[in-house]
Amino acid sequence: GLSEAQIASRFGITVTIVKRRLALARLLPEIRSMYRAGTASIVELQALTLASRAKQKEWLSLVDSPNQPAEWQVKDWVLGGESIAVSAALFDVTEAKLAITSDLFGDAQLFTDVARFWERQNAAIEAERSKLLGLGWSAVDVVPPGERFEQWKYAEASKAKGGRVVIEVEKDGTVTVHKGLLPHAEARKANRGDG
């Protein structure tokens, strides 16, 4: 009947440690037994603390099957394909009202509905793209998740010299905006035109 803070105070540990231990204790008994037997790792247990009881049962049904996610994939599997931190969002998270969970072992808040996250994130990326075009950049290209942005293929170029913007989107939702770039071939032509 003690609160997490009272337990922490009684044992001289942090509230975070108490939350982590309680999360592990709430896992299905079969999962905890697998850990004790050495057939499940602590990485898998930590990831499964993010899962509902139904998702934990689903994971148990996949054990020793070809569809069982590898140890390092369990967190992404629990979260529907990807671990996306709330900090990656370009949109107002409070206004979006998307479901969020706390990763007690990774110290991050994560989106639980990846599809809805990408709907919002893609809309925010498109809004940023339109804004940049409105500011006079010659082009704004978006490099989608899964494709690699090869920055070495570009030279620096000002907006006045036809520089463009590349918006790089990572699988984890992170977005990086690279301003003032021009493919090397176009940069050489622009420099020749300057005489």
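This tour visits a loop residue, a pair of helices, a hairpin and a four-stranded sheet in a predicted model.

**Stop one: a residue in a loop**

Begin by selecting L27, which is found in the loop between α2 (15–25) and α3. Is L27 buried or exposed? With a relative accessible area of 1%, L27 is buried, because the limit for that term is under 20%. Now display the residues around L27: leaving aside those up to four places away in sequence, L27 touches R32, L45, L48, T49 and Q56. For a sense of scale, select P183 as well. The C-alpha atoms of L27 and P183 are separated by 53 Å, and the two residues are 156 residues apart along the chain.

**Stop two: two helices**

Two packed helices are described by the angle between their axes and the distance between the axes. Select helix α3 (residues 29–37) together with helix α5 (residues 53–62); their axes are 10 Å apart and make an angle of about 45 degrees. The helices α3 and α5 are therefore oblique to each other. Which residues make the contact? On α3 they are E30, I31 and M34, and on α5 they are Q56, W59 and L60. Sorted by class, this contact of α3 with α5 has four nonpolar residues, one polar and one charged.

**Stop three: a hairpin**

Next, select strand β1 (residues 100–103) and strand β2 (residues 108–111), which run antiparallel and are joined by four bridges. One bridge pairs S102 with Q109 in β2. Four residues lie between the strands of this hairpin, where D107 takes a positive phi near 55 degrees.

In a regular strand the side chains alternate between the two faces of the sheet. Colour the two faces of β1 separately: T101 and D103 form the covered face, while I100 and S102 form the uncovered one.

**Stop four: the four-stranded sheet**

Finally, turn to the open sheet of four strands, whose order is β3-β5-β6-β4 and whose pairing is mixed. At its edges stand β3 (140–143) and β4 (154–156); each has a single partner strand, so one side of each is left without a neighbour in the sheet. On average, and ignoring direction, neighbouring strands of this sheet are turned by 45 degrees against each other.

Within the sheet, select β5 (residues 164–169) and β6 (residues 175–183), which run antiparallel and are joined by six bridges. Here I167 stands opposite V177 in β6. To complete the view, add helix α8 (residues 114–134), which lies across β3, β5 and β6 and runs at about 170 degrees to β5.

Notes: Residues numbered from 1 in each chain as written. Predicted model: local features only at pLDDT ≥ 70, side-chain atom pairs only at ≥ 80, totals over all residues. Heavy atoms only, no water. Axes fitted to C-alpha atoms, helices over the stretch in contact; angles between N-to-C directions. Parallel < 35°, antiparallel > 145°, perpendicular 65-115°, else oblique. Contact = heavy atoms within 4.5 Å. Nonpolar A, V, L, I, M, F, W, Y, C, P; charged D, E, K, R; others polar. Pairing = 2+ DSSP bridges. Buried < 20%, exposed > 50% of the residue type's maximum accessible area, 1.4 Å probe, protein only.
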